[in-house]
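Let's work through two short exercises on how helices pack. Keep the structure open beside you and follow each step.

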Amino acid sequence: MKLASKHIFVTGGAKGIGEAIVRDAASEGAAVSFIDIDVTAGEKLAAELNNAGQKTLFVKANVASFEELKSAFDQAVSKFGEVTGVVNNAGVNSHADPVTMTDKEWDDFFAIDMKPVWLTAKLALPAMRKAKGGSIVNICSIHGRLTYPGFFPYGAAKSAVLGLTRNLALDEGKFEIRVNAVSPGYILTDLTKNWLKAEAGREDRANSIQPLGRMGQPGEVAKVVTFLLSDKSTYVSGSDWAVDGGLGARSA
Ligand SMILES: NC(=O)c1ccc[n+]([C@@H]2O[C@H](COP(=O)([O-])OP(=O)(O)OC[C@H]3O[C@@H](n4cnc5c(N)ncnc54)[C@H](O)[C@@H]3O)[C@@H](O)[C@H]2O)c1
């Protein structure tokens, strides 16, 4: 049990990579609190895991609202005690045009894909500093370093997540709090499947560039996250873990 006695708080945990993170952390002995805007999926997942004897709590909350985030975080602490690990996973894609994108659309997007990394730190750090320990894992993307036409400003948000990871890692290291990023490549979740389906031939092209000959599964990201949340990674901080099957090593 890599996460026995840990309490992990996961955003966007009802589906996709977040769901896999919730499942892996719970199966490794953690109490897992997770939030999502998809109530049906969130409640179903929590019921399944709790019925199997694992410890989870689902709370409906939108990461773009600090009030909702704080209320969910407080409920998690009341149920399982102080949070020892946070996974910032909730995120959406953006395919905007820099001319027609509105101010509000920009703010709404960064409120989901970037700002919550700070907001969850604001909530979790006081107890982590007191306890002199904790682990924060930010789900970034291969787009944090290399991007693709038509993803404006997703690459900017994910690059900012990497920057926030470095800032937090440097400032919180003195409290023995570790902060790392995990950057997936193509992982087969609804987000990716919808994008792949949106243009004829896109899926074949995407498969043809994969060094491992296939795209990844959510559970393959979750295992790396569990490692970073665990005491198996006590000297790992400020880093970005690529889980992209080697795609980031490839030149066009
Ligand atoms: N799938 C990939 O190939 C891939 C690659 C690189 C990075 N990522 C990143 O991984 C993370 C998860 O992606 P995914 O593919 O699992 O997506 P997904 O759409 O399958 O799942 C995202 C989950 O987050 C929830 N969510 C969305 N907006 C939310 C909000 N405002 N508040 C709370 N919950 C919200 C959704 O309801 C859903 O349950 C994202 O940050 C994404 O940018 C994914």
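**Exercise 1: H5 and H6**

H5 passes H6 in a right-handed crossing, that is, the near helix is turned clockwise from the far one by less than a right angle. Residues are numbered from 1 along each chain as its sequence is written. The model is predicted, so local features need pLDDT of at least 70 and side-chain atom pairs count only at pLDDT 80 or more, while totals for chains, interfaces and linings use all residues.

Task: find the angle at which H5 and H6 pack, and describe their contact.

Step 1. Helix H6 covers residues 154-172, and it packs against H5 at an angle of about 20°, with the axes 11 Å apart.

Step 2. Angles under 35 degrees count as roughly parallel, and therefore H5 is roughly parallel to H6.

Step 3. Val117, Trp118, Ala121 and Leu125 of H5 meet Val161, Leu164, Leu168 and Glu172 of H6; residues are in contact if their C-beta atoms, placed from the backbone, lie within 7 Å.

**Exercise 2: H3 and H5**

Task: decide how H3 and H5 are oriented to each other, and which residues make the contact.

Step 1. H3 (residues 66-80) and H5 (residues 115-131) pack at about 40°, with their axes 10 Å apart.

Step 2. The two helices are therefore oblique to each other, a word for angles that are not under 35, over 145 or 65 to 115 degrees.

Step 3. On the H3 side the contact uses Phe66, Leu69, Lys70 and Phe73, and on the H5 side Pro116, Leu119, Thr120 and Leu123.

Key:
Axes are lines fitted to C-alpha atoms, for helices over the stretch in contact, and angles run from 0 to 180 degrees between N-to-C directions. Helices (H or I, at least four residues) and strands (E, at least two) are DSSP runs, numbered from the N terminus. Two residues are in contact if their C-beta atoms, placed from the backbone, lie within 7 Å.
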